[in-house]
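Q: Hi! Could you walk me through this one while I have it open on my screen?

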Amino acid sequence: MRVMSNAALSAIFERMADVMEILGEDRFRINSYRKVARVIGEMPTDVGVLLESGQLADTPGIGKSTLAKVEEFVRTGTITAHQELLARIPPSLLELLRIPGVGPKSVKTLYLDLRIRGIPELKQALDDSLVQTLPGFGEKKAAAIRRGIEFLEKASGRIRLDQAFAAAQLVIDYLRQLAGFERIQPAGSLRRCVETIGDVDILVCGGKATPPDAAADGQTPEQMIEFFTQAPFVERVLGAGGTKGSAIIRTQGPVVQVDVRVVPPESFGAALQYFSGSKAHNVRLREIAVKAGLKLNEYGLFEGQAMLAGAAEEEIYAKLGLDFIDPLLREDRGEIEEARKHTLPRLVRLADIRGDFHAHTTATDGSATIEEMAQAARERGYDYLGITDHSQSTVIANGQSPQRLARQIEQIHRINGRLKGITLLAGAEVDILADGTLDFEDELLADLDIVVASVHSALGAPRERVTMRTLKAMDNPYVTCIGHPTGRVIGHRDAMDLDLPAVIEHAARTGTALEVNADPSRLDLKDVHCKMAVEAGVKLALGTDAHGTGSLALMPFGVATAARGWATKGDVLNTLPLPRLRSWLKTKRP
DNA sequence: GCCGTTTTCGGCCCGACTGTTTTCAGTCG
């Protein structure tokens, strides 16, 4: 069977939707193509596998027509309907859609009236002052398009979760200087802790409704928006109205778009719900409202003119007959059905975490000593910390020889003897070598409390090889967990072409845990893979991969990722108190 | 194109802001 790429297939459906939009075809049909793209893109298992097992046909949003297209793709590697659509317009038109402010209608006009097929031609037309002469276009629109192109050329695209949190904090700290607003908090994909963030949404609650009333202390929603757009870090204002402002801001990290929205207290819950998304989740909610004869928008849940709920998110879910759904689950991945049946999982929280499984020290490429790391972990309230320095093959990180590791184990035992309030676990991040064997002999591994086995080389090898290496490593009785299982670095390096269903199945069979690396540039396993592992009964091991005391603070990103994968406290190994952890660690060993 | 304890046909989520308009279309989230 052909090994498919869900991402590639998802992109094809997305592209078909784009072309149909430019062609002006039925918007509901376009919507269903977009839904197919989303559903397939999020599937953790290869579409080809799901097609054969019949599960694809049972997936909501996938109908007969889509099934036929997927089958055709599996059989031939192409989709005729896709080719036919692409033949109807120059494919280069699609890049115009990526310009902020340029949608399908504009693309169509630009193409039909000016024969513009791509961004270079559009720039030329702008320079020649042709764009503003088009019907429905004008000077301002032309200027907006020019800025949109500049932004596209400069923007780094989606940013990492930690960068987005930092940007949000910068804005929130600034907005707090304007008195009279009760709550200011992030919404959007940031609140859901999605692994990358397109723009940062900030919700502000309060302000005086009428200017005369507000004159004394001068705070209306409009003034809040004005305050925001005049912030020193704002580089360009994209839009500003009575309740909503949008701007590009400069942070210490990347340039990022921030949207600020002001809502009255009676609508704060509805607005928070609405702006937290995801869009797919919200569409489902509004459908439920419509079926019940109600209307849901960012101001509240309404029956005719009467407001049934709005001040708190909880009320809205309750009135729709649903249990409260944690923002981390709001992706339309089954959470609405479970909420209706009152069977949502109780998600793991940061407070459940008793220790960190993955930390480096000055012995290899870390910046803090064992004692300093122990001290920092104790200050975080942990019961234990795994010291897992690199093994000898990771030369670039000053990996330890067997002799050095043996001495480090003794050192850790000595330090444990005098440490109060925390226990160090002697460990190692051991390289999984090209043939699937480990970088240390079993005799040495047996002296360790925990072993994180990781692939650090030949990540681009074929699927069979990288999968074989990982499976073989799990066969080793001393391997506690597989470190950053897919090897991806967000925005820099793709994941290995790993057969994850096979890895997860083998993890379940061998009693090996899988790491959720909490470093926001990794988040590996990622959310949908965590969900697969949880469903298979595989334990997740959360580790920050800290290379200094500060990065022990990255744990919340790991917890959020596991929770986005529906993990409960019971699914996460490092929620166990030390005695129970020790007995779990013994179960796999001979 | 998908979907159905109101439907196998006829629906399909909702509003803010902008710019080009004389009342609204396009874009975005």
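Q: Is Arg117 buried or partly exposed?
A: Arg117 is partly exposed, because its relative accessible area is 35%, and buried would mean under 20%. Keep in mind that this is a predicted model.

Q: Where does Arg117 sit?
A: Arg117 is in the loop between H7 and H8.

Q: And what does Arg117 touch?
A: Leaving out residues up to four places away in sequence, Arg117 touches Pro90, Ser92, Leu93, Leu96 and Tyr111.

Q: How far is Arg117 from Glu226?
A: Their C-alpha atoms are separated by 38 Å. Along the chain, Arg117 and Glu226 are 109 residues apart.

Q: Which residue in the loop between H7 and helix H8 (119–127) should I look at next?
A: Try Arg115, which lies in that loop. Its phi is near 55 degrees, a positive value in a residue other than glycine. Arg115 is partly exposed, with a relative accessible area of 43%.

Q: What about His484, where phi is also a positive value?
A: Phi of His484 is near 20 degrees, and this residue is not a glycine. His484 lies in the loop between strand S15 (481–482) and helix H22 (500–510).

Q: Buried or exposed, that His484?
A: His484 counts as buried, because its relative accessibility is 2%.

Q: Switching topic: which residues come nearest to DNA strand B?
A: Gly61, Ser106, Gly138, Tyr274 and Arg286 come nearest, out of 46 residues around the strand.

Q: What is the mix of residue classes on that surface?
A: The surface near DNA strand B has 15 nonpolar, 15 polar and 16 charged residues.

Q: And on the DNA side, which atoms are within 4 Å of the protein?
A: Of those atoms of DNA strand B, 75% belong to sugar or phosphate, and the rest belong to bases.

Q: Which phosphate contact does Lys244 have?
A: A backbone N or O atom of Lys244 lies 3.1 Å from a phosphate oxygen of DNA strand B. For Gly242, a backbone N or O atom is 3.4 Å from a phosphate oxygen of the strand. Ser32 uses its side chain: an N or O atom there is 2.9 Å from a sugar or linking oxygen of DNA strand B.

Q: Which elements give two or more residues to that surface?
A: Among them are helix H2 (27–42), helix H4 (64–76), helix H9 (139–154) and strand S5 (234–240). H15 gives the most, with 5 residues.

Q: What kind of peptide bond joins Gly277 and Ser278?
A: A cis one, with omega about -5 degrees. Ser278 is in the loop between helix H14 (268–276) and H15.

Q: And what about Asp524 and Leu525?
A: A cis peptide bond joins Asp524 and Leu525, where omega is about 5 degrees. Leu525 is in the loop between strand S16 (513–517) and helix H23 (527–535).

Q: How far is Arg160 from Asp524?
A: C-alpha to C-alpha, Arg160 and Asp524 are 14 Å apart, though 364 residues separate them in sequence. Arg160 is in strand S1 (residues 159–160).

Q: What else is Arg160 in contact with?
A: Setting aside neighbours within four places in sequence, Arg160 is in contact with Glu195, Pro520 and Ser521. The side chains of Arg160 and Asp162 are joined by a polar contact of 2.9 Å. Arg160 counts as partly exposed, because its relative accessibility is 26%.

Q: Now the inside: which residues touch the most other members of the largest nonpolar core?
A: Leu175, Ile202, Leu320 and Leu540 do, in a core of 119 residues. Helix H10 (residues 161–175) supplies the largest share of this core, 8 residues. Residues that Leu175 touches include Ile184, Ile202, Val204 and Met224, with residues up to four places away in sequence not counted.

Q: Which residues does the second core include?
A: Phe13, Val74, Leu126 and Ile145 are included in that separate core of 48 residues.

Q: Last one: what are the domains of chain A?
A: The domain assignment gives domain 1 (4–86), domain 2 (91–154), domain 3 (159–263), domain 4 (269–341) and domain 5 (350–588). The C-alpha centres of domain 2 and domain 5 lie 49 Å apart.

Technical notes:
Residues are numbered from 1 along each chain as its sequence is written. Chains are lettered from A and ligands numbered from 1 in the order in which they are written. This is a predicted model: local features need pLDDT of at least 70, side-chain atom pairs count only at pLDDT 80 or more; totals for chains, interfaces and linings use all residues. Side-chain values use heavy atoms; hydrogens and water are left out. A residue is near a molecule or strand if one of its heavy atoms lies within 4 Å of it. A polar contact is a pair of N or O atoms within 3.5 Å; within protein, one must be able to donate a hydrogen and the other to accept it, and residues adjacent in sequence count only if both atoms are side-chain atoms. Helices (H or I, at least four residues) and strands (E, at least two) are DSSP runs, numbered from the N terminus. Ala, Val, Leu, Ile, Met, Phe, Trp, Tyr, Cys and Pro count as nonpolar, Asp, Glu, Lys and Arg as charged, and the others, Gly among them, as polar. Domain bounds come from an automatic or database domain assignment. A nonpolar core is a set of buried Ala, Val, Leu, Ile, Met, Phe, Trp, Tyr and Cys residues joined through side-chain atoms within 4.5 Å. Buried means under 20% relative accessible area, exposed over 50%, partly exposed in between (1.4 Å probe, protein chains only). Contact means heavy atoms within 4.5 Å.
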